[in-house]
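Let's take a walk through this one together. Keep the viewer open as you read and rotate along with the text.

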Amino acid sequence: MNRFIQIHNVEMTFTTKKGSFHALREIDLIVEQGEFVTLIGHSGCGKSTLLNLIAGLTKPTGGSLLCDNREISAPGPERAVVFQNHSLLPWLSCFDNVHLAVERVFGASETKAQLDARTKAALELVGMGHALAKRPHEISGGMKQRVGIARALAMEPKVLLMDEPFGALDALTRARLQDELLAIVAKTRSTVVMVTHDVDEAVLLSDRIVMMTNGPAATIGEVLRIDIPRPRNRVELAEDPDYVHARKAVIDFLYTRHAHRETIAA
Amino acid sequence: MVSAVFHSPRAVADTPAAERSSPAKPALTLASPPSSPTPAAAPEREPFDFQGLLGKVLPPVLGIALLIGIWALLTMKSTTFPSPAATFDAAVKLFADPFYSKGPNDQGIGWNILFSLQRVALGFGLAAAVGIPAGFIIGRFEFVNRMFSPLISLLRPVSPLAWLPIGLLVFKAANPAAIWTIFICSIWPMVVNTAVGVQRVPQDYLNVARVLNLSEWKVMTRILLPAVLPYMLTGVRLSVGTAWLVIVAAEMLTGGVGIGFWVWDEWNNLNVQHIIIAIFVIGIVGLALEQLLILIAKRFSFDQ
């Protein structure tokens, strides 16, 4: 296990028309290779901002971010992002949406047949092999999100960054996609950083839960390690004392203690 | 399938807003229904929906009948203004030989329309070739946008005829001046709509481009162009309408062969029937141009 993503003393201040807004302060976080980390916190606590910083979509106003010992200065395919609202291009079919990513990453080194095979494999991995030719508007919200995940996975990224990927889905679809994500991550051994506001989702999926204090000037309040062995089964976990305990700890942080964020800040 | 074969009132209500908002739609429906509802493709012969067909065809027919009725009533005792019947007779004669040519000032109506369309095509084509790329640049770069928006706001409302003398001065000939006038009047909707389209490309799509690290060429062809296309085609549609409006006015002043000049020529001959025919012809050609572009727009637009 190495220090794969290193975040040191990161500060983020946005300049808006109403003046400057201090979003994040003193963020220190290390994510190891193959680790599943979730960022959890109330709305507006800057968890998506932190994810965008790791993605390279925004640049920090202070501190440094490293991925695989290289500074993160711009977005890149080695840090694939699954966006909250799927962000598929509506004029391309599911196949073409994924193919766009595959072509970018492997186009220089592989034949056309290999690229097509990669695209199909990625879509089959998320159970969308039947809808290659469909346009995004022809499939359901859950299916779009699967294609979004397929697009990210197809790039064989070093890190998978997910911004509330299941936030817009109904509870049943969300549960099914969480299970599938667990299976996929177990198979691909991806490093994942995921933003969520769902406590159960965080506990079920994570190796570590990073709990953030309220903004403005949010920071990491507490980090909780979840030592429940994998593979995890949501039905069995429902009465598992470790699961219940972890869940209680997160809820306690979010609803009882986050008001006293100044005393919690490490 | 059912709605494609049978024109029930519901199917009429479902026609896209773009089509319904077109004010000239009824005239086109009048011409098309006899061909479209043929149930030849239907595997089983279900009872034909005459009531639905009636509901679609009857209102436009009534509208046109009302117009012709009022026209006939008003011209019953008039000696100067031709009645519908007289105009129809003149039209039959006129369209019996649309492509004759007796010298530069006396040519068939077909030639006049074609010459006008050629000018429109040239002026409009040049406007599209300049306006659409300009719109992309203005939309993509904030600095250029701020540089040109005041100029566009200033020049856009200028009447077409005000541009004509400039064209005559520069080109020293009537035909290029007319084309220039069409160019300058039909360029603005394309510039403005394309620029707005580029500014409204959702940030999500651009973020996708950044995460995938796409090349400029891929960003252009796979993301910007498809996202802007619906806006662009709206601009093109408005522009064609403007171009066809402008040509009549410009040709009245410049002369030559063309529908605008023909109207003025017939006015000098005091041939009012022909002027009325020209008004209908101009309307129908304008409608046809618009419908053609709506068809193209539908073909290239993606369904969200």
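Before anything else, one cut-off that will come in handy: a residue counts as buried if 20 or more other C-beta atoms lie within 10 Å of its own, and as exposed if 12 or fewer do. Also keep in mind that what you are looking at is a predicted model.

Put that cut-off to work on Arg189(A), which sits in the loop between H5 and strand E8 (191-196) of chain A. Its phi is near 50°, a positive value in a residue that is not glycine. Is Arg189(A) buried or exposed? With 8 other C-beta atoms within 10 Å, Arg189(A) falls at or below the limit of 12, so it counts as exposed. Chain B offers a similar case in Lys172(B), where phi is near 55°, again positive and again in a residue other than glycine. Lys172(B) belongs to the loop between helix H9 (160-171) and helix H10 (174-199) of chain B. Here 9 other C-beta atoms lie within 10 Å, so Lys172(B) is exposed too. While you are checking backbone geometry, have a look at the peptide bond between Arg230(A) and Pro231(A): it is cis, with omega about 0°. Pro231(A) lies in the loop between E10 and helix H7 (234-237) of chain A.

Now for the domains of chain A. The domain assignment splits this chain into domain 1, made of 3-78 + 159-264, and domain 2, covering 88-156. Their centres, taken over C-alpha atoms, are 26 Å apart. Where the two touch, domain 1 of chain A puts in 11 residues and domain 2 of chain A puts in 13. On the domain 1 side, helix H5 (residues 171-188) of chain A gives the most, with 5 residues. Sorted by class, that side has 8 nonpolar, 2 polar and 1 charged residues.

Next, the strands. A quick reminder: strands of a sheet pair through backbone hydrogen bonds, either parallel or antiparallel. Start with strand E1 (residues 3-16) of chain A, which runs antiparallel to strand E2 (residues 19-32) of chain A, with 10 bridges joining them. A hairpin through 2 residues connects E1(A) to E2(A). To find the register, look for Ile5(A), which stands opposite Val31(A) in E2(A). E1(A) also pairs with strand E4 (residues 62-67) of chain A, in the antiparallel sense and over 5 bridges. In that pairing, Gln6(A) stands opposite Leu66(A) in E4(A).

Chain A also has an open sheet of 6 strands, in the order E6-E7-E8-E3-E9-E10, with mixed pairing. Its edges are E6 and strand E10 (220-225) of chain A, each of which pairs on one side only. On average, and ignoring direction, neighbouring strands are turned by 20° against each other. One of the pairings within this sheet order is between strand E3 (residues 36-40) and strand E9 (residues 208-212) of chain A, which run parallel and share 4 bridges. Thr38(A) has Ile209(A) as its bridge partner in E9(A). Helix H4 (residues 141-154) of chain A packs on the sheet, touching E6 and strand E7 (159-163) of chain A, and its direction makes about 180° with that of E6(A).

Over to chain B, which has 14 helices and 0 strands. Of its 304 residues, 28% count as buried. Among contacts in chain B between residues at least 6 apart in sequence, 72% join residues at least 24 apart.

How many residues does each chain bring to the contact between them? Chain A gives 17 and chain B gives 15. On the chain A side, strand E6 (79-82) and helix H2 (94-106) each supply at least two residues. The largest share of that side, 3 residues, comes from H2(A). By class, the chain A side divides into 12 nonpolar, 4 polar and 1 charged.

Finish with the interior. In soluble globular proteins, nonpolar side chains tend to be buried together. In this model, the largest nonpolar core has 128 residues, and among those with the most contacts inside it are Ile54(A), Val98(A), Leu161(A) and Ile182(B). Zoom in on Ile182(B): leaving aside neighbours within four places in sequence, its contacts include Val120(B), Phe124(B), Val246(B) and Ile247(B), as well as Arg119(B).

Note on methods: Residues numbered from 1 in each chain as written. Chains lettered and ligands numbered in written order. Predicted model: local features only at pLDDT ≥ 70, side-chain atom pairs only at ≥ 80, totals over all residues. Core = buried A, V, L, I, M, F, W, Y, C linked by C-beta atoms within 7 Å. Contact = placed C-beta atoms within 7 Å. Pairing = 2+ DSSP bridges. Nonpolar A, V, L, I, M, F, W, Y, C, P; charged D, E, K, R; others polar. Domains from an automatic or database assignment. Axes fitted to C-alpha atoms, helices over the stretch in contact; angles between N-to-C directions.
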